[in-house]
Amino acid sequence: MSDVAAPTLAPIQLLDAPTSFVVVAWVLSVATLLAFTGAAVFLTWRHLKHESFNTDSFLTARGTQPWYRIAWSFFAGALGAWAIGTPASFAASSGILGTISYAVSTGIPVVLVSYAGSLIQRVLPRPLSLSDYVLWRYGRPAQIFVAVLTIVNMSLFVISEYSTVGSIFKSFLHSSQYPIIILVSLVTAGYTAYGGLLISLVTDQLQGIAAVLLSAVLVIYLAVSFPTGAELPPFPTETLGFTSYGWSTWVTLPLSLIASTFFSEANWQRVWAAESPRALHTGAAVGCFMLIVVVGVFGVTGLLATWAYAPYLPVLGDGVDTGLANLFMFYSLGDKQYSWIGMVIVVLTVTLNMSAVDSIQNALTANITANLFRSWDLKRTRLLVFVLNVPLMIVGFFTLPALNLFLVTNLLAVASFIPLISGLADPDRKFISGYTMMFSSVCGMVALVVYGWITQGNFADGFVWAWWSNNYDLWAFLVPFFASIIALVAWTVLAVVAEKVLGWKGQGYTDEMRAVLERMEAEEKAADVAADEASKQKAAE
């Protein structure tokens, strides 16, 4: 039997998108934006007819959401336009193992956050953000430190969302990236400022259902139309099979995605919003399952595209538009990229982009409000949603590669994750203080830079490699992770020795920390009284 040559897909940047396709894709995209915005505004208006918002309910929707809405919200909020480009692109270089690890590593963190959130709520009844817990457990300096990390993490996530949707419209539709970024930014900020977290959760449900249906259409299409048998070349096991790089992703991806999930306020808001611990844990488990399945499917499109059509994978610095790396899902369509199924992916991109952006907009507002403007009224809190969004939108215009943006946030989180959660194992503050947590986190970050310096031969190249271009190198994650643990243990041992030998006392439970719990207990009591009065009034009517 003679060898059959592999089908060759012309590089998409050399194809001309039909004008009719571009026009229809834009019409459907705008219609999608308006449909979800209209639903959000209508549902907020209906809610406000019966119940008004205060700052707490606007930012947390505390204790109101059943398990199914928590599940859809974890699912839709964790996804985004990045899910169209990044899993498929990553699969093209990491193969089957990387595809599976990406899917699993996206889903599992939401379950871990749900259980960590339950532990936090046992000691703090009404947290507004993760920073409330950090202030109570570690003190003000640590609260500022974690707040900065969280804001950087979420800001880069939003920038990656704007960059990804912009790059897809620029590279695939050959349109300017500015209009779609501006539209998504304005409409999501508008309905988020109007309806707060409650409406973000409701639209997450609508957007999540739409995403699942559109993904199912894509799966059915590929199952029916993808080349089979003699049309396909041999599967490239040397690059897409069980490779050493693929195996390494089973360390780098769980570490990075679990850690970065803990530094996203959007996930903690879902914890506060759940109506009960059972609703929280059930919703997280279902959301986890949906994430694993959908991200896995998106990753498989990258495997299929690479197997059948061997498109070029652009890398940063090679002079080629890195936005093309976001198009592997489109490559899997073969010569049907500019058909109706290509439009399905464009609409899916916009849908996921909206669900991710509105979640982070509200989360950023909650984080900054909790740290700086807790006494603000609702009008100023709503204005903050817009103010925060503008600089992120502008940076998103540059369509920076999402994988590199995620790399920065993931490495910051990996260096700080164990120090952050170590306080859960020492609730009485006998060993681990806020200074322990900050010192060990910084040591992890410094260790990564030093490692890059050593491996690259000079500081500048080492710094860039460490934070931007290491391509998820295994040691780039292990070094900061273990360095932070070693520093955590070393500081703790020295602190214990200093107390035993020299009589130096640690941070302890300060008045500032105590005040956090006292304020929340007072808020909880006031909320219970208000609920009782409301129920009596309703019964009287």
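**Exercise 1. The largest cavity**

Work out how much space lies in the largest cavity of this predicted model, and which residues and helices line it.

*Solution.* Start with the volume: about 410 Å³ of space lies in the largest cavity. The structure holds 3 cavities of 30 Å³ or more.

Next, go to the wall. It is made of 25 residues, and those nearest the centre of the largest cavity are Ala-78, Phe-157, Leu-257, Ser-260 and Thr-261.

Then sort the lining by helix. At least two residues each come from α3 (67–78), α4, α6 (140–171), α9 (244–262), α10 and α15. The top contributor to the largest cavity is α4, with 6 residues.

**Exercise 2. The largest pocket**

Now do the same for the largest pocket: how much space lies in it, and which helix supplies the largest share of its lining?

*Solution.* The volume comes to about 1,200 Å³. There are 37 lining residues, with Asp-56, Ser-57, Arg-62, Arg-126 and Ala-527 closest to the centre of the largest pocket.

Going helix by helix, you'll find at least two lining residues in each of α2 (55–60), α4, α10 (265–273), α11 (277–309) and α19 (511–540). The largest share belongs to α19, which gives 8 residues.

Put this beside Exercise 1. Helix α4 supplies at least two residues to the lining of the largest pocket, and α4 also gives the most to the lining of the largest cavity. Helix α10 turns up in the pocket lining and in the cavity lining as well.

**Exercise 3. Helix α15**

Take helix α15 and find its reach from first C-alpha to last, where it bends, and how many of its residues are buried.

*Solution.* Count first: α15 covers residues 402–421, which is 20 residues. Its end-to-end C-alpha reach is 27 Å, close to the 28 Å expected at 1.5 Å a residue.

Now look along the axis. There's a bend of about 35° at Ala-415, with a proline, Pro-419, following within four residues.

Finally, check burial. Of the 20 residues in α15, 18 are buried, so the helix is largely enclosed by the rest of the structure. Helix α15 also supplies at least two residues of the lining of the largest cavity.

**Exercise 4. Two ring pairs**

Classify the geometry of the pairs Phe-90 with Tyr-472 and Phe-439 with Trp-491, then say which parts of the chain each one links.

*Solution.* The structure holds 31 aromatic pairs, and we pick two. For Phe-90 and Tyr-472, the ring centres are 6.1 Å apart and the planes stand at 75°; that is over 60 degrees, so the pair is edge-to-face. The partners are 382 residues apart: Phe-90 sits in α4 (residues 82–123), while Tyr-472 is in the loop between α17 (459–469) and α18 (474–502). Both Phe-90 and Tyr-472 are buried.

For Phe-439 and Trp-491, the centres are 4.9 Å apart and the planes at 45°, so this pair is tilted. It links helix α16 (residues 434–456), home of Phe-439, to helix α18, home of Trp-491, across 52 residues of chain. Phe-439 counts as partly exposed at 35% relative accessibility, and Trp-491 is partly exposed too, at 31%.

One last step: look for a wider network. Ring pairs join Phe-90 and Tyr-472 into a cluster with Trp-82, Tyr-102, Phe-157, Tyr-245, Phe-406 and Phe-477. Phe-157 from this cluster is also one of the residues nearest the centre of the largest cavity.

**Exercise 5. Loop residues**

For Thr-399 and Asn-471, decide whether each is buried or partly exposed, and give its phi.

*Solution.* Thr-399 lies in the loop between α14 (378–396) and α15. Its phi is near 45°, a positive value in a residue other than glycine. At 14% relative accessible area, Thr-399 is buried.

Asn-471 is in the loop between α17 and α18, and its phi is near 55°, again positive in a non-glycine residue. With a relative accessible area of 49%, Asn-471 is partly exposed.

**Exercise 6. Contacts across the chain**

Find how far apart the C-alpha atoms of Asp-428 and Arg-137 are, and what lies over the face of Trp-136.

*Solution.* Asp-428 is in the loop between α15 and α16 and is exposed, at 58% relative accessible area. Its C-alpha is 8.9 Å from that of Arg-137, though the two are 291 residues apart along the chain. As for Trp-136, Arg-429 lies over its face, 4.5 Å from the ring centre.

Definitions and conventions: Residues are numbered from 1 along each chain as its sequence is written. This is a predicted model: local features need pLDDT of at least 70, side-chain atom pairs count only at pLDDT 80 or more; totals for chains, interfaces and linings use all residues. Side-chain values use heavy atoms; hydrogens and water are left out. The expected span of a helix is 1.5 Å times one less than its number of residues. The bend at a residue is the angle between axes fitted to the seven residues ending there and the seven starting there. Buried means under 20% relative accessible area, exposed over 50%, partly exposed in between (1.4 Å probe, protein chains only). Rings of Phe, Tyr and Trp (its six-membered ring) pair if their centres lie within 6.5 Å; planes under 30 degrees apart count as stacked, over 60 as edge-to-face and the rest as tilted. A charge sits over a ring if NZ of Lys or CZ of Arg is within 6 Å of the ring centre and within 35 degrees of the ring normal. On a 1 Å grid over the protein atoms alone, a cavity is a set of points where a 1.4 Å probe fits but cannot get out, and a pocket is an open set with protein on both sides within 12 Å along at least five of seven lines; lining residues have an atom within 4 Å of a point. Grid points are joined across faces, edges and corners, and a volume is the space filled by probe spheres set on the points.
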